[in-house]
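Visitor: Please take one part of this structure and go through it closely. Start with the frame around it, then work inward.

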Amino acid sequence: MAETRTNRLRDPIHDYIELTNEETRIIDTAPFQRLRNIRQLGMTYQVYPGAEHTRFGHSLGVMHLTSRAFDALSQRSRYLQEMNPNKRLWYRQILRLIGLTHDLGHAPFSHAAEQLFPEGTSHEEITERIINETEIAGCIRDLGRSFQRTYGGDLGIEPELISEIYLRGGAGMDPMFPVLRALMDGELDCDKMDYLLRDSYYCGVNYGKFDLERLLTSLVIRDVHGVPKLALDSGGTQAFEQFMVARYHMFNNVYFHRTRRLLDMNLTEAIQHVLPGGRYPEDVHAFLALDDVEILARVRSALADSEACRGVAARLVHTCVLETTPHPNKDQKRLFHVIRNELYKAFGREKFMEDDSATKMPHLIPTRTEIDDEQALNIVNNRTGEVSTISDDSPVTQALSNEIDVKRLYCKDKNILEQVKETVHEYYKMDD
Amino acid sequence: MKDLRTASAVIERICAYDESVQIGKIMLQKLMYLMQRKGLDMHLSYSIHYYGPYSSDLYDLILMKNRLDELTIDTSSRTHVITIGPEARNAELEHDDQLVFDNIMRDFFGRTALELEGITTVDYVAHATLKNSGTREEIIDRTKRIKGTKFSDAALQSDLDLLIRTGFVSGLA
């Protein structure tokens with residue numbers, strides 16, 4: 001390795017994670033240290049007690065995986081092997097920085113209350129601003145200068161380059177940039193690889209495990225009309241299926257766990273109450289002052305005037321009285337809505353909370369892709385050279401990518417709970 | 001959170017425009033890119049990908065509308081076909097938006113997804129990458145960096161001519 005490795009951190013998922021001095025400087029900044037107080041899975045720790053892990057460890061894990069993936073790709077790809085070795089290291093360093101910084105813009109409790117971002121803003125866009133407008137920018141520039149001194153004057157690394165590739169792909173700038181981006185945001189990316197293994201470990205479940213080594217060593221670069229594109233050797237199809245199965249089970253058992261969803265909804269209401277104007281601030285420095293600790297402190301100081309805050313402080317859990325299957329068909333969805341509307345009419349809408357977050361978060365759920373879908377990972381048959389997608393090739397994946405669209409209704413009033421349950425049972429009897 | 005109501009209405013209008021034409025995700029992506037470029041603001045963020053300008057906001061919106069049963073995605077063939085229900089066919093657009101919609105559909109609807117991919121990539125390069133200050137040669141060269149040999153020089157030149165005729169590209173250096 002050409003990088004000077006001077007720091008090593010011990011990680012429960014990947015064992016030793018190595019960092020250069022320049023990378024360590026980024027980790028030592030306030031925006032990065034803030035990630036220690038952003039829980040990876042929102043309120044999941046109140047369901048799975050071990051899920052106390054944070055975006056800090058995940059960001060390090062993703063950085064580590066990006067270089068492992070890139071190194072594996074370099075071993076198998078003539079395109080990369082024939083390249084100037086310094087340029088190869090440049091791509092690798094850029095990719096590590098994207099992995100390290102990709103989650104800097106997460107709000108407190110991660111995805112739990114993302115709808116409170118300023119209108120038209122996503123956590124990725126806030127990440128871009130943090131990379132370019134805070135001390136992180138200076139650290140990346142210093143790292144870039146150091147890299148140029150060692151490897152060559154034309155191999156610059158600027159904060160704008162890092163955010164450009166991550167947010168907009170960088171196509172047209174350099175043919176390899178879209179490959180780097182695909183390793184961070186696609187059907188099979190280092191972000192998902194790390195969070196499945198990490199979330200599974202910290203939740204104490206086995207659903208998220210898959211054959212990481214096989215997957216990494218199956219990555220290849222495909223030549224598409226002279227342009228490199230990330231693909232998977234067909235020998236890795238089963239490992240990829242396993243990865244998809246892991247993702248599917250994690251969604252059903254952890255990410256869309258019914259109590260977790262409810263606690264996240266309660267929290268969103270509470271955060272809305274404690275933020276001025278009910279939204280996260282536009283100003284990036286004001287945004288960075290907010291983390292889980294700060295939000296919980298504000299929630300505790302608002303107990304007197306907010307039921308939602310009291311609910312969060314007391315871990316108030318409402319009973320789920322109505323729920324579809326993970327993959328409801330049209331009739332099942334219609335029945336859910338009929339019963340829900342009847343319950344609203346009989347008991348009052350204010351007595352219930354509805355969760356349809358699966359509908360609103362399609363990007364988090366595996367979907368079936370076409371061969372020319374931007375998100376699709378191409379599978380290259382190593383004997384025939386034929387190209388397909390995992391959606392075409394794998395019946396397992398086809399079955400799993402029927403969208404998860406679970407809908408739930410929770411009853412907030414214990415006094416009417418039995419009556420509500422009875423009403424729901426009556427409807428299902430009628431439906432039989 | 002982005003307000004994607006106009007984008008939602010435009011999806012419905014495109015799908016209902018001519019039932020004899022199969023609409024796929026790429027076609028929607030490219031037609032809506034061209035509409036947004038002409039001022040029909042749908043709050044879609046576009047970036048340049050392998051297959052040209054692409055908006056993940058739009059991709060997610062299509063999936064969400066599918067979950068809400070506002071449209072159906074038929075995945076049985078290699079190109080997924082999008083259709084909408086009869087109740088969604090009368091989505092209203094503001095007057096100015098309607099004019100843009102009509103112009104783009106008149107000039108570009110009926111072209112294949114591949115043709116639209118070429119046209120929109122050339123436009124993205126001229127407008128976003130080169131900030132409307134590139135020469136004809138620079139536009140073609142930068143487009144080829146993204147597309148490789150997928151499109152011939154002649155095809156890209158022809159796409160650029162079309163973009164000039166339709167007012168997308170002007171004042172080439």
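**A close look at the buried interior**

Guide: Chain B contains seven helices and four strands. Starting at the N terminus, the order of elements in chain B is α-α-β-β-α-β-β-α-α-α-α. The globule rule gives 16 Å for 173 residues, and chain B has a radius of gyration of 16 Å, so chain B is as compact as a globular protein of that length. Its C-alpha trace spans about 50 × 35 × 30 Å along the principal axes.

This is a predicted model. It scores ipTM 0.77 and pTM 0.88. For chain B the mean pLDDT is 89, and 95% of the residues of chain B reach 70 or more.

Now the inside of chain B. Of its 173 residues, 54% count as buried. Take the contacts in chain B between residues at least 6 apart in sequence: 66% of them join residues at least 24 apart. The exposed area of chain B is about 7,600 Å². Carbon and sulfur atoms supply 49% of that area.

Chain A next. It has 21 helices and nine strands. A compact globule of 432 residues would have a radius of gyration near 22 Å; chain A has 23 Å, which agrees. The C-alpha trace of chain A spans about 70 × 55 × 35 Å along its principal axes. Of the 432 residues of chain A, 59% count as buried. Among contacts in chain A between residues at least 6 apart in sequence, 72% link residues at least 24 apart. Chain A exposes about 17,400 Å², with 46% of it supplied by carbon and sulfur atoms.

Now the cores. The largest nonpolar core has 116 residues. Within it, I94(A) and Y280(A) touch the most other members. Helix 12 of chain A, residues 237-255, gives this core its largest share, 10 residues. A second, separate core has 56 residues, including A9(B), L93(B), L116(B) and F151(B).

Stay with Y280(A). Set aside residues up to four places away in sequence. Y280(A) then touches A107(A), P108(A), A113(A), L116(A), F117(A) and P118(A) on one stretch of numbering. It also touches I271(A), L275(A), F287(A) and L290(A).

Helix 13 of chain A covers residues 258-274. At 1.5 Å a residue, its 17 residues should span 24 Å. The end C-alpha atoms of helix 13 are 25 Å apart, which agrees. Helix 13 is mostly covered, with 13 of its 17 residues buried.

Three more buried residues of chain A deserve a stop. Begin with P31(A). P31(A) sits in helix 2 of chain A. Its relative accessibility is 4%, so P31(A) counts as buried, the cut-off being under 20%. Beyond its neighbours within four places in sequence, P31(A) is in contact with L104(A), I130(A), T134(A), E135(A), I136(A) and L288(A). Compare a pair with no such closeness in the list: P31(A) and M353(A) are 322 residues apart in sequence and 35 Å apart in space, C-alpha to C-alpha.Go on to Q40(A). Q40(A) lies in the loop between helix 2 (30-33) and helix 3 (55-76) of chain A. Its relative accessibility is 3%, and Q40(A) therefore counts as buried. Leaving aside neighbours within four places in sequence, Q40(A) is in contact with H53(A), T54(A), R55(A) and H58(A). The contacts of Q40(A) also include S110(A), Y195(A) and D199(A).

Finish at V406(A). V406(A) is in the loop between helix 20 (395-400) and strand 9 (408-411) of chain A. With a relative accessible area of 6%, V406(A) is buried. Its contacts, neighbours within four places in sequence left aside, are E323(A), T324(A), T325(A), P326(A), P328(A), D355(A) and A358(A). V406(A) and T325(A) are 81 residues apart in sequence. In space they are 5.9 Å apart, C-alpha to C-alpha.

How values were computed
Residues are numbered from 1 along each chain as its sequence is written. Chains are lettered from A and ligands numbered from 1 in the order in which they are written. This is a predicted model: local features need pLDDT of at least 70, side-chain atom pairs count only at pLDDT 80 or more; totals for chains, interfaces and linings use all residues. Side-chain values use heavy atoms; hydrogens and water are left out. pLDDT is the predictor's confidence in each residue, from 0 to 100. A nonpolar core is a set of buried Ala, Val, Leu, Ile, Met, Phe, Trp, Tyr and Cys residues joined through side-chain atoms within 4.5 Å. Buried means under 20% relative accessible area, exposed over 50%, partly exposed in between (1.4 Å probe, protein chains only). Helices (H or I, at least four residues) and strands (E, at least two) are DSSP runs, numbered from the N terminus. Contact means heavy atoms within 4.5 Å. The radius of gyration is taken over C-alpha atoms; the globule rule is 2.2 Å times the number of residues to the power 0.38. Accessible areas come from the Shrake-Rupley method with a 1.4 Å probe; for residues, only the protein chains shown count as cover. The expected span of a helix is 1.5 Å times one less than its number of residues.
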